[in-house]
Amino acid sequence: MGEVDPAFIQDTEHRPKLSIIEAEGIPLIDLSPLNSPDYICDPKAIEVLVREISNACKNWGFFQVINHGVPLEKSKKIETAARKFFAQPPEEKRKIRRDEKCVVGYYDTEHTKNVRDWKEVFDFLVKEPTLVPSSTEPDDKEETQWFNQWPENPPELREVMEDYSQEVEKLSLKLMGLIALSLGLPEDRFKGYFKDQTSFVRLNHYPPCPSPELALGVGRHKDGGALTVLAQDEVGGLEVKRKTDGEWIRVRPTPNAYIINVGDIIQVWSNDKYESVEHRVMVNLEKERFSIPFFLNPAHYTQVKPLEELTNKQNPAKYRPYSWGKFLTLRKLSNFKKLKAENIQIYHFKVSEEAN
Ligand code: OGA
Ligand code: NI
């Protein structure tokens, strides 16, 4: 992408500090008890697992998983296809550029307002079509459908991505089961929310950056959905804000592991017991980097609110209900329109302290 254009330069608050702490990482959790071939699970092992998940969600909001059951060749195939796709000339990739009508597809930052991230992206919806509200107006109950856009090349991209997303979807739902257990809920407590899911998979490409101290691959943010399952290559660059002291901690790549993080919806469902944690991506002078997040999102008609089982007089709901579909479409459309208001955030639905 050449020189760092002033438009990419992040303001002082967003600018990466050079001292990154690499000493202690996010927890690493072995999921093999979930994947025993004969499905005979050792209840003790599951109990230990649930405790590990609970601690990781409470203390970090982030963890890595190994022995997760997603076949290695499926991750390799999607990474190879992603490299082929991004290696094409910009004119080719821009043929499937996302716009207001079709909010998924390719984009590079040059064509996206408000975004100063040093990256290019290809998004695809896990369910086709994906049902969403037809407008962001709160009272409009109409629905519409979103469809995917596929590039001509590489021709295998579609099959490889569909195959991959099915595997990672299974993993993400198993993790939601463990998270439910860790909150003292039945394992299938969250299942119904994902029947008409609005999940999507993103291919991220971070090209080498001539002045990595001025730009970020992705500026600090929290993920708005329920759960994110991220594959990253061996380059590294993801940093997580440590809850204990606010330091940025680099997530060192672990071969064949996924990085899992709690999104805003779990924060609301759990009434702040599990918080969605800020993270960002550093860029690199020499190396390009690829990463593939799977964003697990509920059906658009989900009214997101603290679960009744987890609230009571002593611990009243900290959020007012909000429509996930309206939230999602507002976020997606804000990529194309310069909206006056800031990007929608869950704290806009926070019940004020005085009200309690
Ligand atoms: C994201 C994200 C991290 C990464 O796309 O939301 O946080 O390592 N990506 O690419
Ligand atoms: Ni993120």
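User: How many bridges join strand E2 to strand E12, and how do the two strands run?

Analyst: Pairing between strands is read from their bridges. In this predicted model, strand E2 (residues 62-66) and strand E12 (residues 258-262) run antiparallel and are joined by 4 bridges. Within that pair, Phe63 has Ile260 of E12 as its bridge partner.

User: Where do E2 and E12 stand in the order of the sheet?

Analyst: A sheet is read by following each strand to its neighbour. Here 8 strands form an open sheet with mixed pairing, in the order E1-E2-E12-E9-E14-E7-E4-E3. Strand E1 (28-30) and strand E3 (106-108) are the edge strands, each pairing on one side only. On average, neighbouring strands of this sheet are turned by 25° against each other, direction ignored.

User: Which strands does helix H4 lie across?

Analyst: Helix H4 (residues 157-182) lies across E2, strand E4 (120-125), strand E7 (200-206), E9, E12 and strand E14 (289-296). Relative to E9, helix H4 runs at about 130°.

User: Which residues are the protein donors of the nickel ion (ligand 2)?

Analyst: A metal site is read from its donor atoms and then from their places in the chain. The protein donors are His221 (NE2), Asp223 (OD) and His279 (NE2), which lie 2.1 to 2.2 Å from the nickel ion. Their spacing in sequence is H-x1-D-x55-H. Asp223 and His279 link distant parts of the chain, 56 residues apart: Asp223 is in the loop between strand E8 (218-221) and strand E9 (227-232), while His279 is in strand E13 (residues 279-281).

User: Is Asp223 buried or exposed, and what of His279?

Analyst: Asp223 is buried, and His279 is buried too.

How values were computed
Residues numbered from 1 in each chain as written. Chains lettered and ligands numbered in written order. Predicted model: local features only at pLDDT ≥ 70, side-chain atom pairs only at ≥ 80, totals over all residues. Heavy atoms only, no water. Donors = N, O, S within 2.8 Å, 3.2 Å for Na, K, Ca; no water. Buried < 20%, exposed > 50% of the residue type's maximum accessible area, 1.4 Å probe, protein only. Pairing = 2+ DSSP bridges. Axes fitted to C-alpha atoms, helices over the stretch in contact; angles between N-to-C directions. Contact = heavy atoms within 4.5 Å.
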